[in-house]
Amino acid sequence: MSGIDLHTHSTASDGTESPADVVVSASRAGLDTIALTDHDTAHGWAEAAAASQQYGLALVRGIEISCSRYGRSVHLLGYLVDPTHPGLAGEIGHAREARVSRLRRMVERMAADGIPVTYAEVVAQVPPGATEGRPHIADALVANGAVPNRDEAFRRWLGNDSPYYVRHYAPDPVDAVRLVVEAGGVAVHAHPFGRGRGAGVGDDVIEEMAAAGLGGLEVDHRDHDAAARTHGHALADRFGLLVTGSSDYHGAGKENRLGENTTAPEVLAEIEARSSGTVPVLR
């Protein structure tokens, strides 16, 4: 296998492998380019960059921004952004702070119903500098033997329809697109037609995002069936958007495998050409 995988996660957010180990796994999978796109953080970039040079992979520095509209999640990938841009950094910082109080409240609700988990156990699962999230509650439940894996924790207690679910602050996706563009990056709507977390909100919002500067749609993703992919290509043509494909790799945290969907080289070249926020793709 060779190719370009533009959506991966490490222990800097909710993946199970360090940024360096994500690069190692990508090398072993035969990929030649990956993007590290942890949730609401650029914390893993330096480690991944060092590993990419060692293993001869090209690295795209990215971030996945958690957004919300109508109470539904929208995930936005920002490629080659300047993470120190005041507007973008401010929104991401606000979202990260909100995640902390949100996890506390979720754990309190769960413990009150007799579910065996404490906030201290959750914090123990969060690597230094990482973005806290529900997967870390799941990891705490796995570690203490309450469930066998993350998927079971989400099925029983952590899903959006759970009585223990607590919303947290997230920017509107149109505002987030503008911030990515202002920070010199290229914005791509992640898995816009999937189900569950990050499922998106419909074509009308995608049209708004496109008007605000959205660069592309992540059409080729395991959450999209054939009909969704056909629809995604049609929307991309309609709004003049790039089409990407990615794994959304989380290590052992999800079944997604590196390189199961990939992006065309000419699309990555266009992303590079449009960006000015950070160092170009490291090769």
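Accessible areas here come from the Shrake-Rupley method with a 1.4 Å probe. On that basis the accessible surface of the chain comes to about 11,300 Å², and 49% of that surface belongs to carbon and sulfur atoms. Before going further: this is a predicted model.

I'll take the whole chain, then two helices, then some single residues.

The chain contains ten helices and seven strands. Its radius of gyration is 18 Å, and the globule rule gives 19 Å for 283 residues, so the chain is as compact as a globular protein of that length. Along the principal axes, the C-alpha atoms fill a box of roughly 55 × 45 × 40 Å. Of the 283 residues, 57% count as buried. As for contacts between residues at least 6 apart in sequence, 72% of them join residues at least 24 apart. On charge, the chain has 25 positive and 38 negative charges, and the mean positions of the two sets are 4 Å apart.

Now helix H1, residues 19-28. How many of its ten residues are buried? Seven are, so the helix is mostly covered, going by the cut-off of under 20% relative accessible area. Those seven are Pro19, Ala20, Val22, Val23, Val24, Ser25 and Ala26. What do the buried residues of H1 pack against? Their partners are strand E1, residues 4-8, together with E2 and H2. After H1 comes Gly30, with a positive phi near 85 degrees.

E2 and H2 come up again with Asp40. This residue sits in the loop that runs between strand E2, residues 33-36, and helix H2, residues 45-55. Asp40 is not a glycine, yet it has a positive phi of about 55 degrees. Is Asp40 buried or exposed? It is buried, because its relative accessible area is 1% and the cut-off is under 20%.

There is another aspartate to set beside it. Asp248 also has a positive phi, about 60 degrees, and is not a glycine either. Its loop lies between strand E7, residues 242-245, and helix H10, residues 265-274. Asp248 counts as buried too, at 3% relative accessibility.

Next, helix H7, which spans residues 173-182 and includes Pro173. Which residue caps the N-terminal end of H7? Asp172 does, with a side-chain oxygen 2.9 Å from the backbone nitrogen of Val174. The buried residues of this helix are Pro173, Val174, Ala176, Val177, Leu179 and Val180. A general point helps in reading that list: an α-helix has 3.6 residues a turn, so residues three or four places apart point the same way. The cover over the buried residues of H7 includes strand E3 (58-69), E4, helix H3 (86-112), strand E5 (186-189) and helix H8 (203-212). Just after the helix, Gly184 takes a positive phi of about 80 degrees.

Pro173 deserves a closer look. At 0% relative accessibility, Pro173 counts as buried. Leaving out residues up to four places away in sequence, Pro173 touches Cys67, Ser68, Arg69, Val74, Leu76, Val205 and Met209. How far apart in space are Pro173 and Gly93? C-alpha to C-alpha the separation is 16 Å, with their positions 80 residues apart in sequence.

Strand E4, one of the elements covering H7, runs over residues 72-79 and contains His75. With a relative accessible area of 11%, His75 is buried. The His75 side chain makes a polar contact with the side chain of Glu64, at 3.1 Å.

The last residue is Arg150, in helix H6, residues 150-158. Why does Arg150 count as buried? Because its relative accessibility is 9%, and buried means under 20%. What does the side chain of Arg150 reach at 2.7 Å? The backbone oxygen of Asp14. Residues touching Arg150, again not counting those up to four places away in sequence, are Asp14, Gly15, Thr16, Pro135, Ala138, Asp139, Val142 and Gly253. Arg150 and Arg134 are 16 residues apart along the chain, and their C-alpha atoms are separated by 9.6 Å.

To recap the single residues: Arg150 is buried at 9%, His75 at 11%, and Pro173 at 0%. The positive phi values at non-glycine positions that I showed were at Asp40 and Asp248.

Technical notes. Residues numbered from 1 in each chain as written. Predicted model: local features only at pLDDT ≥ 70, side-chain atom pairs only at ≥ 80, totals over all residues. Heavy atoms only, no water. Helix = DSSP H or I, 4+ residues; strand = E, 2+ residues; numbered from the N terminus. Buried < 20%, exposed > 50% of the residue type's maximum accessible area, 1.4 Å probe, protein only. Contact = heavy atoms within 4.5 Å. Polar contact = N/O pair within 3.5 Å; in protein donor to acceptor, adjacent residues only side chain to side chain. Rg over C-alpha atoms; globule rule 2.2 N^0.38 Å. Lys, Arg positive; Asp, Glu negative; His and termini not counted. Charge placed at Lys NZ, Arg CZ, Asp CG, Glu CD.
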